[in-house]
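Here is a friendly walk through one strand and its surroundings, followed by a look at a pocket. Please have the model open as you read.

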Amino acid sequence: MMQISRSARWLVLLALLPALPACLGGLLPKAKEKAVYALPAPAPMQAKGTLPGALLVELPRALAPLDGVDIIVRQRDGELQTLPGVRWAAPAPELLQDLIARQIETAGAAPGVALGSTSYALPFRLSSDLQAFEIQDVDGAFKVQAQITLRLICERDARVLASSEPISVEAAGGPGNAAAATAALREAAGLLARQVVFWLRSVDVGDCA
């Protein structure tokens, strides 16, 4: 019988190594793809008053994990988890920035609207803090909450013209799956964007224009 030397056996094993990942790939289960969600389009509405100048909408500030693409679930004991099988199409603050800007534009609440990633020198700037954008687990049922605080700034002298109290939207739902809970949170985001428009039209901008 032909004997294979130890060095020859090593050469055979090394030759087989590149094929192992392909073999294992057929045996190991593939990671389940997550369903990807965006926020809804802005709703038709008309603002009774408009700002006298164009508005720059900044990216809402948010702490982790609200600043990512995961959909957050808050348990009754305060533990933060992520909703399995789903995610946002972009980080939540970016989606809300875009929705708020488009809602202001749709409502005609400013003669021009731009996002904070641009370098336009516009007379007004909307700054915000995202404090909640989550699903809350309540004994097997769920409710959703979206909350933001706003500041309207006069760019000419960096003066804060107005600061809002926390603007919050909450909605309760029964027992549901990930899709139902995500749909409720998307609806809350749309309501929150409309509340931003209502707040803007109540602000006295004084001599900033």
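## Strand β8 and its neighbours

Strand β8 (residues 141-154) is mostly covered, with 12 of its 14 residues buried. Buried here means under 20% relative accessible area, while exposed is over 50% and partly exposed lies in between (1.4 Å probe, protein chains only). Strands (E, at least two residues) and helices (H or I, at least four) are DSSP runs, numbered from the N terminus.

This is a predicted model, where local features need pLDDT of at least 70 and side-chain atom pairs count only at pLDDT 80 or more, whereas totals for chains, interfaces and linings use all residues. Residues are numbered from 1 along each chain as its sequence is written, and side-chain values use heavy atoms, with hydrogens and water left out.

Which strands pair with β8? The table gives the partners; two strands pair if DSSP finds at least two bridges between them.

| Partner of β8 | Sense | Bridges | Opposite residues |
|---|---|---|---|
| β7 (residues 124-138) | antiparallel | 14 bridges | Arg 125 and Ile 153 |
| β10 (residues 167-173) | antiparallel | seven bridges | Ser 168 and Gln 147 |
| β9 (residues 159-163) | antiparallel | four bridges | Ser 163 and Arg 151 |

Two of these pairings are hairpins. Between β7 and β8 there are two residues, and Asp 139 takes a positive phi near 55°. The hairpin of β8 and β9 has four residues between the strands, and Ala 158 in its turn has a positive phi of about 60°.

Now for a single residue of the strand. Gln 145 sits in β8 and is buried, with a relative accessible area of 14%. Its side chain makes a polar contact of 3.2 Å with the side chain of Glu 170. Such a contact is a pair of N or O atoms within 3.5 Å; within protein, one must be able to donate a hydrogen and the other to accept it, and residues adjacent in sequence count only if both atoms are side-chain atoms. Leaving aside residues up to four places away in sequence, Gln 145 touches several residues, including Ala 132, Phe 133, Val 169 and Leu 185; contact means heavy atoms within 4.5 Å.

## The largest pocket

The largest pocket holds about 150 Å³ of space. Of its 13 lining residues, Leu 83, Ile 135, Asp 137, Phe 142 and Gly 176 are the closest to its centre. A pocket is an open set of points on a 1 Å grid over the protein atoms alone, where a 1.4 Å probe fits, with protein on both sides within 12 Å along at least five of seven lines; lining residues have an atom within 4 Å of a point. β7 gives the most to this lining, with three residues.

Key:
Points joined across faces, edges and corners; volume = space filled by probe spheres on them.
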